[in-house]
Amino acid sequence: MTQPNVSLTENRILIISGPTATGKTDLAISLAKKFNGVLISADSRQIYQGLDVGTGKDHPKGFKINLIDLITPDQDFSVVQYQKLAFQKIIEIHSQNKLPIIVGGTGLYIDSIVNPDKSTYFIRPNKFLRFFFNKLSTSTLQRIYRLLDKKSFDSLNNSEQHNPHRLIRKIEIKLSGKDVINHIQINKNNFNILHLSLTAPTSCLYPRIDTRVQKRLDIGLLDEIKNLLKKYSWSDPGLNTLAYKEFRDYFNHQKSLKDCVDVWRFDEHSYARRQLTWFKKQTNLHFIDITKPKYLLLALDLVKKWYNLS
RNA sequence: GCCGAAGUAGCCAAGAUGGUCACGGCACUGGUCUGAAAAACCUGGGAUAUUGGUUCGAGUCCAAUCUUCGGCA
């Protein structure tokens, strides 16, 4: 990875994370205006062109957000590509003496910025292997991985042992024949990161999600899906996205619209829950509870303090 | 008002002839995950409408009450 060529005082990165429907973008924009910031999205779905209503690209006009609309819905994307593009942008923004503000809810993508040195990220996905292994049952995958590396298999927790995606990835790494241990690079602390993470109890998030769901229906989500289906199919990676995948049964006349909307709402709820779980486990971040009356001021103060302005 | 049907967790729902205090799904809870992450997984708690009866034993049979639905008036 290219190292940033900026002085130590100028290598700041502001991160604004948090579960869906907490108002991350609004906060990011208002901080960008105050601190000469440029936004970089950390959103694994807004990278897709054409997924606008469902992924909430209703950003204020005239405010550029980087790393959205990168690819079409039939293309693959992953965290390593994100990491590469994000660091390129960060360096570019630093070179203009501006503050990169990473904003988004995809915890893994943010993690690739905060903890960039992942020992397996250099092992590329094996499309051929994935194509065939995706047809195998979980128990077959377990058997294969146990055969290849019994010790590692036994050390996996219950959740991982039943997770076909993870098993396939482990097998992929194993079969690559590369030695993972020797590829750890020390690359930390090149940046001065302030990570603010918006949070709220689910009892607050669920109603916010529900009204937003309704709003997205009102402003034409179904038309958007109808248009996408002219060009893309349900098996394309981009359509495996909340707000889209739930309507497959509706468009195939298997389910009523109301049932699909309910499933979508509940999927959004559990997505928010997973995000909360993820961010809870992260270190070196400041949680900001958006149900507290002056949370915006709190965020502002933290940034000022970071700049020694307070 | 009469006749019929039904009442199992927040919702849907299984339970042959009574016999491990009850299958699931959704919701909800907590967690996992180093190139799919808005992905893919793991985990947990909660129920037989009420009261009485028959029986060694009742979600399952009987009665009353309450509630809901349908029909007749």
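In this predicted model, lysine 24 is buried, because 23 other C-beta atoms lie within 10 Å. The place of lysine 24 is in helix 1. Leaving aside neighbours within four places in sequence, lysine 24 is in contact with Ile16, Gly18, Val103, Gly104, Gly105 and Leu198.

**The annotated binding site**

Lysine 24 belongs to a stretch annotated in UniProt. An unreviewed entry there places the feature "binding site" at Gly18, Pro19, Thr20, Ala21, Thr22, Gly23, Lys24 and Thr25. UniProt also lists Thr20, Ala21, Thr22, Gly23, Lys24 and Thr25 for "binding site", again from an unreviewed entry.

Glycine 18 sits in the loop between strand 1 (12–17) and helix 1 (24–35). Its C-beta position has 27 neighbours inside 10 Å, so glycine 18 counts as buried. Residues up to four places away in sequence not counted, glycine 18 touches Lys24, Gly105, Ser197, Leu198, Thr199 and Phe279. The contact between glycine 18 and Lys24 therefore appears in the lists of both residues, given that a contact needs C-beta atoms within 7 Å.

Alanine 21 is found in the loop between strand 1 and helix 1. With 24 C-beta neighbours inside 10 Å, alanine 21 counts as buried. Its partners, not counting residues up to four places away in sequence, are Leu205, Arg208, Ile209 and Arg212.

Threonine 25 lies in helix 1. This residue counts as buried because it has 21 C-beta neighbours inside 10 Å. Beyond its neighbours within four places in sequence, threonine 25 is in contact with His59 and Val103.

The table sets the burial of these residues beside that of two others discussed below.

| Residue | C-beta neighbours within 10 Å | State |
|---|---|---|
| Glycine 18 | 27 | buried |
| Alanine 21 | 24 | buried |
| Lysine 24 | 23 | buried |
| Threonine 25 | 21 | buried |
| Leucine 67 | 20 | buried |
| Valine 38 | 19 | partly exposed |

**Backbone angles**

Most residues other than glycine have a negative phi. Alanine 21 has a positive phi of about 70°, although it is not a glycine. Leucine 67 is not a glycine either, and its phi is positive at about 65°. The place of leucine 67 is the loop between strand 3 (65–66) and helix 2. Leucine 67 is buried because 20 other C-beta atoms lie within 10 Å, and the threshold for that class is 20 or more.

**Valine 38**

Valine 38 belongs to strand 2 (residues 37–41). It has 19 C-beta neighbours inside 10 Å and so counts as partly exposed. Leaving aside neighbours within four places in sequence, valine 38 is in contact with Ala32, Asn66, Ile93, Lys98, Pro100 and Ile101. Valine 38 and glutamine 214 are 176 residues apart in sequence, and their C-alpha atoms are 31 Å apart in space.

**The surface near RNA strand B**

RNA strand B is surrounded by 53 residues, the closest being Ser44, Leu108, Lys118, Thr120 and His269. By class, this surface has 16 nonpolar, 24 polar and 13 charged residues. Several helices supply at least two residues each: helix 2 (79–95), helix 3 (107–114), helix 7 (158–161), helix 8 (164–176), helix 9 (202–218) and helix 12 (257–281). Helix 12 gives the most, with eleven residues.

**Chain A as a whole**

Chain A holds 13 helices and six strands. Its division is into domain 1 (8–111 + 194–306) and domain 2 (127–183). The C-alpha centres of domain 1 and domain 2 lie 30 Å apart.

The C-alpha atoms of chain A fill a box of roughly 60 × 55 × 35 Å along the principal axes. For 310 residues, a compact globule would have a radius of gyration near 19 Å, and the 21 Å of chain A agrees with this. Buried residues make up 29% of the 310 residues in chain A. Among contacts between residues at least 6 apart in sequence, 77% join residues at least 24 apart.

Terms used
Residues are numbered from 1 along each chain as its sequence is written. Chains are lettered from A and ligands numbered from 1 in the order in which they are written. This is a predicted model: local features need pLDDT of at least 70, side-chain atom pairs count only at pLDDT 80 or more; totals for chains, interfaces and linings use all residues. A residue is near a molecule or strand if its C-beta atom, placed from the backbone, lies within 6 Å of it. Helices (H or I, at least four residues) and strands (E, at least two) are DSSP runs, numbered from the N terminus. Ala, Val, Leu, Ile, Met, Phe, Trp, Tyr, Cys and Pro count as nonpolar, Asp, Glu, Lys and Arg as charged, and the others, Gly among them, as polar. The radius of gyration is taken over C-alpha atoms; the globule rule is 2.2 Å times the number of residues to the power 0.38. A residue is buried if 20 or more other C-beta atoms lie within 10 Å of its own, exposed if 12 or fewer, and partly exposed in between; C-beta atoms are placed from the backbone. Two residues are in contact if their C-beta atoms, placed from the backbone, lie within 7 Å. UniProt positions are given in the numbering used here, feature names are shortened, and annotations may be inferred rather than shown by experiment. Domain bounds come from an automatic or database domain assignment.
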